[in-house]
Amino acid sequence: MEYDKRSQDSPISDEKILSTEDGKAIEISDSGEPVVTTADGNTLTTISPAAERALTRKFDLRILPVLAIMYLFNSLDKSNLGNAKTHGLEKTLGLKGTQYNTILSVFFVPYVLTAPFLGILGKQYGPNRVLPLMMFGFGSCTLLVTAAKNFAGIMTLRWFLGMSESAFFPLVIYYQTTFYRRGELARRLAIFYAAQSIASAFGGLLAFGVFQIESDTIAEWRYLFVIEGCCTILFSIFAFFYLPQSAATAKFLSPEEKELAYYRMQVDSSSVVNEKFNLRESFKIFREWTSWLILAIEICLGVPLQSVQLFLPQIVARLGYNAVKTNLYTVAPNVSGAVMLLILAFASDYTRWRFPFVALGFLFTFLGMIVYVGIDVKSQLHVAYFATFMMTWGTSAPSVLLDVWYNNNIAHEGRRVVLTSIGVPLANLMGVVSSNIFQNKDAPKYIPALATTAAFGATGLALTLVLGAFMIFDNARRNKKAGRTIEVRDVPTERLRDGPRVEEFRWFY
C-alpha cells in the first residue's frame, strides 16, 4: 500500500482497500483517485483531495462555529464564580471559611458520576439532541443562581450544574470524530476548544462591564448570571433544531457528499460508521494498559487545567490591582492561551505528531507555576504577569491534544465514547483538588497551591513522554515483525476494530 502525496490523510493502494457488507467498495480509478463503487461497478462518488476539501469546508462553516459557541457558553457558565467572587459573592451569600471552596468542589462530584451515562445516551440518541438538552440544563442552573440566597441554595445549583455539564466536552469530541479524519481533528477541536480560553477572556470583559452597573434591586454580580444564563438557554433551542445527527442526515450536503463523508470515516476514523452501541464491547477498551496510563495523564492534566480556569483571577490579584482591573488583566493571558492552543494544534496536525505537543504544554504549565512561586511578584510585576501567560499556554493545549491523541488510536466508536466520557470528567474531577488547595489562608501568594499544581504538571510531562516512547518502540517492533514499514495512514480503520490486538495496527503518536 502506498501513500498518495496529494492527500495527506488518504490511504491509497493499487487494489480495493475497503469493502462493506452492502457490497460497496473503495477502489482506485484509472486517474489514480479513490472512488466509491457499488457491487456492479457503478461509481457513487470520487474521493479526491478537492472534493474532501470542499466537504470539510462545509463542516467547518456549518457545524464547527455552532459547537464553538455552545462550548463558549459552557465555559462561561462553569467559571463565572471566580469573577463574581472578586465583586462580593461571598458577602452577599454569607459564605464563611471554606464554603466557597466547597461550592467549587461539589460541582465535580456529579460531573464525574453522570458523565459516562450521558455519554452513552449521546451515542444512542445522537449528540445533536443530547448536547442542546444539556446546554438548556446548565443555562437554567446558571440563571437560577440569581435566586440563590445562601450557601445551601448555591450548593444545590452547583450540584445540578455539574450534572448537566458532565458529558458535554466528551460528546463534542465524539461528535467531531464522526465528521473529520484523524489527521484533521486536532486543529478543528482546537478551534472549538479555544472557545474556553476566549470565554475566560470574554468573561473577564463581561464582568468588567457588568460590575459597572449600579443597582439597588440585586447585587451587581447577579447580573452576570442573568446575562449568561439567558443567552445559553436561547442558543440551546437554536442548536437543538440546527445540528445534524450525522453527515448522512445533514441537509446541507448533496447525496454525493454524504457518500464521501461516510467512506472518509470508514477509511480514517471508525471501524464501523454509526455502529450501534454495545456496552460490553465498548468497555473492552480497559483491557488495554495504555487506557489506564491515559487516565493517569488526564489526572495530571486536570489539576493545572482547573487551577488556572477557576483561580486565575485570584492569581492575578496578587499583582496588587483592584477587583475591576484584576478581572480585566485576566483577558490577555486567556487570549494568548487560545492562540498558543491553535499554534500547537495546527503544528500537531501538520506533523502528524501528538505526544511532543502534549508534553510541551505540560512544560509550559510547570515553568509558569515555578516562576510565579520563585520570584518576588511585587518587584518583578512584568515577569510575574508573563508567568500567568505561560500558565494558560500549558493548560488548554494538552487537554485538546491528549483527547485527540487517544481518539486517533481507537477505531471502535463505542470504546471511543466510553474512554472519552470517563477520561475528560476525570480530569475535571481534579477541580476538587484545585478548589481545596487554593485556601484563603494562603492568599495572596498561594504558594502551596502553585507548587502542587507544578508537581502535577511535571508528572504529566513524564508520563506523556513514557507513553509516546512506548508507541514509537511498539511501532518499530511491529514493523520488524512484519518485515516492512507500515505507517498509520496505510491501514484503513475498518480493519482496526480491536486496536492494538490487530497485527496491522500502528500507533498514531
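**Notebook: one predicted chain**

**Entry 1. The whole chain.** I began with the surface: the chain exposes about 19,700 Å², and carbon and sulfur atoms supply 62% of that area. I note at the outset that this is a predicted model. I then looked up the secondary structure and found 20 helices and 6 strands. Of the 509 residues in the chain, 60% are buried. I also checked the contacts with a separation of 6 or more, and 79% of them join residues 24 or more positions apart.

**Entry 2. Confidence.** The mean pLDDT of the chain is 86, and 90% of the residues reach 70 or more. I marked residues 1-17 separately, since pLDDT stays under 50 there. The model nevertheless has 51 contacts beyond four places in sequence for this stretch. Where pLDDT is low, the predicted coordinates should not be read in detail.

**Entry 3. The largest nonpolar core.** Which residues touch the most other members of the largest nonpolar core? I recorded Phe59, Leu67, Met70, Phe168, Phe192, Trp221 and Tyr372, in a core of 139 residues. Helix H17, residues 381-408, gives the largest share of this core, with 14 residues. In soluble globular proteins, nonpolar side chains tend to be buried together.

I followed Phe59 further. Beyond four places in sequence, Phe59 touches Leu64, Phe179, Tyr180, Ala247, Phe252, Leu253 and Ala261.

**Entry 4. Phe179 and Thr177.** Phe179, one of the contacts of Phe59, lies in the loop between H8 and helix H9 (185-210). Is Phe179 buried or exposed? Its relative accessibility is 3%, so Phe179 counts as buried, the cut-off being under 20%. Beyond four places in sequence, Phe179 is in contact with Phe59, Ile63, Pro244, Ser246, Ala247, Arg264 and Met265. I also looked up its distance to Ala261: the two residues are 82 apart in sequence, and their C-alpha atoms are 7.0 Å apart in space.

Thr177 is found in helix H8, which covers residues 168-177. Thr177 is buried, with a relative accessible area of 3%. Leaving out residues up to four places away in sequence, I listed its contacts as Leu185, Met265, Ser269, Asn407 and Arg416. Met265 is thus touched by Thr177 and is also in contact with Phe179.

**Entry 5. A nonpolar patch on the surface.** I next turned to the outside of the chain. Val109, Leu113, Trp159 and Phe160 form a nonpolar patch on the surface, with about 370 Å² of accessible area together. Helix H5 (108-125) and helix H7 (151-165) are the elements that give two or more residues to this patch. Phe160 lies in helix H7. Its relative accessible area is 45%, so Phe160 is partly exposed, a class that lies between 20% and 50%.

**Entry 6. Two positive phi values.** Where do the residues with a positive phi that I looked up lie? Arg352 is in the loop between helix H15 (331-351) and helix H16 (355-374). The phi of Arg352 is near 60°, a positive value in a residue other than glycine. Arg352 is buried, with a relative accessible area of 9%.

Tyr446 is in the loop between helix H19 (431-437) and helix H20 (447-482). Tyr446 has a positive phi of about 50°, although it is not a glycine. At 7% relative accessibility, I entered Tyr446 as buried.

Conventions
Residues numbered from 1 in each chain as written. Predicted model: local features only at pLDDT ≥ 70, side-chain atom pairs only at ≥ 80, totals over all residues. Heavy atoms only, no water. Patch = residues over 30% accessible without salt bridge, like charges linked within 9 Å, V, L, I, M, F, W, Y side chains within 5 Å. Areas by Shrake-Rupley, 256 points an atom, 1.4 Å probe, with all protein chains shown as cover. Salt bridge = Lys/Arg side-chain N within 4 Å of Asp/Glu carboxyl O. Helix = DSSP H or I, 4+ residues; strand = E, 2+ residues; numbered from the N terminus. Buried < 20%, exposed > 50% of the residue type's maximum accessible area, 1.4 Å probe, protein only. Contact = heavy atoms within 4.5 Å. Core = buried A, V, L, I, M, F, W, Y, C linked by side-chain atoms within 4.5 Å. pLDDT = per-residue confidence, 0-100.
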